[in-house]
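User: I should like a close look at a single part of this protein, set in the context of the whole. Please give one connected account.

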Amino acid sequence: MNFGFTEEQEELRKMVKRFLDEKSPETEVRRLMATAEGYDPQVWAQMANELALQGLGIPEEFGGQGYGPVELYVVFEEMGAALLCSPYFSSVALAANAVLLVGSEQDKATFLPDIASGETIATVALTDDSGQWDLKATSTTAAASGDGFIVNGIRSYVTDGSVASIIFVPAVTAKGLSLFAVSADSPGVTRTGLATMDQTRKQSRIEFKDATAVLVGTEGAALEGLETTLQVAASALAAEQVGGAQRVLNNAVEYAKNRVQFGRPIGSFQAIKHKCADMLLDVESAKSAAYYAAWAAQELNDELPIAASLAKSFCSEAYFHCAAENIQIHGGIGFTWEHHAHLYFKRAKSSELFLGDPSYHRELLAQRLGI
């Protein structure tokens, strides 16, 4: 098992970082946070047309680049560092993987090319108002209607639900849990934006009332594929958290070097040294967990369920700890809401809860290990 990145993967990292340095500075993040859409359509088009990022992990026969999760996680790491405001995670980590892991060959040919080209923004509506991530507790239902299906139910905390043109909805039919594609502008679909602590990642509440839906895959056979989708997405989120944690560590160290107090840089004080050392330990350990999960996702092997929960639980706590310590090291200025440290703090907290908090994933880990 080799966790080192190839020269090509490192070049991909440099390319994405250069792009994000230009397109996602703090000023742009704050501007997009204040918009209802939460992203820049022009940058989204550039990501698709110039960098081909939306199709990076989609097979070539369906319009993508044919790379795997490791390359995608390099991208997610850089996006997490830049706090990119974009529906990339919902379209690529959630929707595309759901189609790949649940859908038939015809479904893949139908949905993936437009996701890969950036023409379609897609998301997966995973939770109801309770916020549970357990797919077996899905409350939304679907029933046959004519040649298709209709979906009824409420989905909450749907990432990028207000800007997605296609919403993939897990719903229960007479045969069991199934996956459906619902056009966002269909009659019977009502979308309401939610107020969130982390404004860099928009969420919505979506109500389906006899909404026309298209079955994806086989009716009643979506559970296993959707569970794997969540594991792959949790691994991608762990990579994003690693990127954010590394950035706040860099910011804290830079400030500790330059901020002078009592005639010396504050980084020379033992208390600050200890904080930075603890942050470094968290970041390096998080990288090991996230890269292990990326490898397991690449292989889609039996280790993925364990690696994904391990990475998500550890990286969530590591990122949140680093973001909080970054505020402490910055002192008084770090406590102002206008300081960039709070943008990372809010993203760290929302990411900690997204796709299941550390306690939830430790419980999953215990179950999978038979503890």
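Which residue follows α10, and what is the sign of its phi?

Analyst: The residue that follows α10 is L355, and its phi is positive, near 65 degrees. The model is a predicted one, and the account below begins with this helix before turning to its surroundings and then to the rest of the chain.

Helix α10 covers residues 340–353, a run of 14 residues. From its first C-alpha to its last it reaches 21 Å, which is close to the 20 Å expected at 1.5 Å a residue. The helix is mostly covered, since 10 of its 14 residues are buried. Buried here means a relative accessible area under 20%. The buried set opens with A341, H342, L343 and Y344, continues with K346, R347 and A348, and ends with S350, S351 and E352. The list therefore includes the charged side chains of K346, R347 and E352. In an α-helix there are 3.6 residues a turn, so residues three or four places apart point the same way.

The cover can be traced to particular partners. The buried residues of α10 pack against five helices: α2 (26–33), α4 (69–82), α7 (223–258), α9 and α11 (358–369).

One of these partners, α9, offers a parallel to α10. Helix α9 spans residues 304–330 and has 27 residues. Its first and last C-alpha atoms are 38 Å apart, close to the expected 39 Å. After α9 comes G331, with a positive phi near 70 degrees. A residue with positive phi thus follows α9, as one follows α10. In the case of α10 that residue is a leucine, L355, whereas in the case of α9 it is a glycine, G331.

Positive phi values also occur elsewhere in the chain. D160, in the loop between β3 (148–159) and β4 (166–173), has a phi near 60 degrees, although D160 is not a glycine. D160 counts as buried because its relative accessibility is 7%. D210 is likewise a residue other than glycine, with a positive phi of about 50 degrees. D210 belongs to strand β7 (residues 203–216) and is partly exposed, because its relative accessible area is 48%.

The next residue along β7 is A211. A211 is buried, because its relative accessibility is 0%. Beyond its neighbours within four places in sequence, A211 is in contact with F149, I150 and V151, with V182, and with P187, G188 and V189. The C-alpha atoms of A211 and V70 are 37 Å apart, with their positions 141 residues apart in sequence.

Strand β4 supplies another covered position, P170. P170 is buried, because its relative accessible area is 0%. Leaving out residues up to four places away, P170 touches V124, A125, L126, T138, T140, R155, L177, S178, L179 and L226. One of those contacts, L226, falls within the residue range of α7, and α7 is among the helices against which the buried residues of α10 pack. P170 and S186, 16 residues apart in sequence, are 17 Å apart from C-alpha to C-alpha.

Two further positions can be set side by side. S91, in helix α5 (residues 88–102), is buried, because its relative accessible area is 0%. Its contacts beyond four places in sequence are W44, A96, I115, T120, I121 and A122. D129, in the loop between β1 (122–124) and β2 (141–145), is instead partly exposed, because its relative accessible area is 39%. D129 touches I154, S156, Y157 and R205, again leaving aside residues up to four places away. Its C-alpha atom lies 24 Å from that of V232, a residue 103 places away along the chain.

Finally, the whole protein gives the setting for α10. The secondary structure comprises 11 helices and nine strands. Buried residues account for 54% of the 371 residues. The radius of gyration is 21 Å, which agrees with the value near 21 Å for a compact globule of 371 residues. Along the principal axes, the C-alpha atoms fill a box of roughly 80 × 45 × 40 Å. Among contacts with a separation of 6 or more, 75% join residues 24 or more positions apart. The exposed area is about 15800 Å², with carbon and sulfur atoms supplying 52% of it. There are 29 positive and 46 negative side chains, and the centres of the two sets lie 9 Å apart.

Conventions. Residues are numbered from 1 along each chain as its sequence is written. Side-chain values use heavy atoms; hydrogens and water are left out. Helices (H or I, at least four residues) and strands (E, at least two) are DSSP runs, numbered from the N terminus. The expected span of a helix is 1.5 Å times one less than its number of residues. The radius of gyration is taken over C-alpha atoms; the globule rule is 2.2 Å times the number of residues to the power 0.38. Buried means under 20% relative accessible area, exposed over 50%, partly exposed in between (1.4 Å probe, protein chains only). Contact means heavy atoms within 4.5 Å. Accessible areas come from the Shrake-Rupley method with a 1.4 Å probe; for residues, only the protein chains shown count as cover. The place of a charge is taken as NZ of Lys, CZ of Arg, CG of Asp or CD of Glu.
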